[in-house]
Amino acid sequence: MSDIGITMLGASGSGKTCYMLAMYAAMSIGIRGFTFTTQDPDDDLELGNHWERLETKGEWPDATTQSKDWLFDCSYGFKKIKGFRWHDYRGGALLDSSKPVDREELLKKFKASSCVILCISGETLVKFVQGQSGLPREVRQFNSLMTDFVKTTGKTVPVVIAVTKADLCNGKILSEGVNAIKDKMLPTLFAPNSGWLVMISPVSLGEEKSGGFEIRPLNVHLPVTFAILNALRTDMENTQQAISSKQHEMVEKNFEVQHLGRNWLAGLWNNSEIASGQNAIASLQRDTKSREMELQTLQRNLDLLKNELLGDELYMFFGGRRITI
């Protein structure tokens, strides 16, 4: 199955790059047997060096000035489950008209994405909930992008609202923030029967302490896990359709072979066609068996992700209705 594309949107300073570093730092070690690893060893060194400087020296990474695709594999027990492309773009790419190439590249990646993640910082969400600021610009921008996305592709994709810097927005204020996201910031995503699958996930690198900043990643694996889970679900649907198609072909081919052999005199002339049809049936049977084994593997991996990494207590919605895994 092919790799998927994930695009994270957000304003400059919303924590996109720091989130990716924390996600990789946590998942390169692994959680319950699952790991995220780079497909390019040089990327592993680069991300590892950035994280080490942040963790040991408190040096925050510079803002992204050049867009880049990072390629990762999600594995269980070091066996690949799904690959994903993470598009890390220059924070001002959507707003800066001086570099239209950056904007066009981002829009191209966005429309090819299998999952979209919108970053809203905890600080921004608190100010909005408390009436200290209006609708964040990145939210207005996101609404415009999603309108264009549906118009161009004619489909919906899973969406994650990642509340970054969640240490600044927890407890009651987080609950109020979730309601604000649903009812005031992005109500279209939560419209009844709209078909949008959405997860709101607080994520954090750590929290401020009297002696400085304590690195303690929280939920950093959830947005990508959610994206991969839905990609596996789509793979399962496509594989099941392929199995049904193969089975239908076998029925037709069987009927054709039986028709050719029904008359023994005609069968003398149709021996080659009968043999060819029987070979085709055997090939279809092998293909079907292979697809069925593939389907079993997908189901097993989906169950592992669901049970080991996600759990049940999540802010998940489908068509505006709160759902569980």
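Is Leu229 buried or exposed in this structure? With a relative accessible area of 11%, Leu229 is buried, because an area under 20% counts as such. The residue belongs to helix α7, and it offers a convenient way into a structure that, it should be said at once, is a predicted model. Along the chain, Leu229 and Leu298 are 69 residues apart, while their C-alpha atoms are separated by 10.0 Å.

A general view of the chain may help before further residues are visited. The protein chain has 325 residues, 45% of which count as buried. Nine helices and eleven strands are found in the chain. Among contacts with a separation of 6 or more, 72% join residues that are 24 or more positions apart.

Confidence in the prediction can be described in a similar way. The average pLDDT of the protein chain is 83, and 86% of the residues reach a score of at least 70. The highest confidence falls in strand β2 (residues 34–38), with a mean of 93. At the other end, helix α8 (residues 264–269) has the lowest confidence, with a mean of 53.

Helix α7 returns in the description of the second largest pocket. This pocket has a volume of about 320 Å³. Its lining is made up of 17 residues, and helix α7 (residues 222–261) supplies the largest share of them, namely six. Nearest the centre of the pocket lie Ser114, Pro158, Asn230, Ala231 and Thr234. By residue type, the lining divides into six nonpolar, six polar and five charged residues.

Several buried residues can be followed from one element to the next. Phe72 sits in strand β3 (residues 68–76). At 0% relative accessibility, Phe72 is buried, since the cut-off for burial is under 20%. Which residues does Phe72 touch, leaving out those up to four places away in sequence? The list consists of Met23, Tyr24, Thr37, Thr38, Gln39, Leu47, Lys82, Gly83, Phe84 and Trp86. One of these, Phe84, is twelve residues from Phe72 along the chain, and the C-alpha atoms of the two are separated by 5.3 Å.

Thr38 is also a neighbour of Asp43, which touches Thr38, Lys68 and Trp70 when residues up to four places away in sequence are not counted. Asp43 is placed in helix α2 (residues 41–57). The relative accessible area of Asp43 is 8%, so this residue is buried.

A further buried position is Ser204, in strand β8 (residues 204–209). Its relative accessible area is 6%, so Ser204 falls in the buried class. What does the side chain of Ser204 make with the side chain of Asp167? The two side chains make a polar contact, at 3.3 Å. Asp167 also appears among the residues touched by Ser204, along with Ala166, Arg216, Pro217, Leu218 and Val220, again not counting residues up to four places away in sequence.

The loop between α6 (172–185) and β7 (197–202) includes Gly195, and Asn193 has its place in the loop between α6 and β7 too. Gly195 is partly exposed, because its relative accessible area of 26% lies between the limits of 20% and 50%. Gly195 touches Thr156, Phe318 and Gly319, apart from any residues up to four places away in sequence. Gly195 and Val157 are 38 residues apart in sequence, and their C-alpha atoms are 9.2 Å apart in space.

Asn193 is exposed, because its relative accessibility is 77%, over the 50% cut-off. Its backbone deserves a glance as well: phi of Asn193 is near 60 degrees, a positive value in a residue other than glycine. A positive phi is found at Arg32 too, near 50 degrees and likewise in a residue other than glycine. Arg32 is located in the loop between α1 (16–29) and β2. With a relative accessible area of 54%, Arg32 is exposed, since this value is over 50%.

Terms used. Residues numbered from 1 in each chain as written. Predicted model: local features only at pLDDT ≥ 70, side-chain atom pairs only at ≥ 80, totals over all residues. Heavy atoms only, no water. 1 Å grid on protein atoms, 1.4 Å probe; cavity = no way out; pocket = protein on both sides within 12 Å on 5 of 7 lines; lining within 4 Å. Points joined across faces, edges and corners; volume = space filled by probe spheres on them. Helix = DSSP H or I, 4+ residues; strand = E, 2+ residues; numbered from the N terminus. Nonpolar A, V, L, I, M, F, W, Y, C, P; charged D, E, K, R; others polar. Buried < 20%, exposed > 50% of the residue type's maximum accessible area, 1.4 Å probe, protein only. Polar contact = N/O pair within 3.5 Å; in protein donor to acceptor, adjacent residues only side chain to side chain. Contact = heavy atoms within 4.5 Å. pLDDT = per-residue confidence, 0-100.
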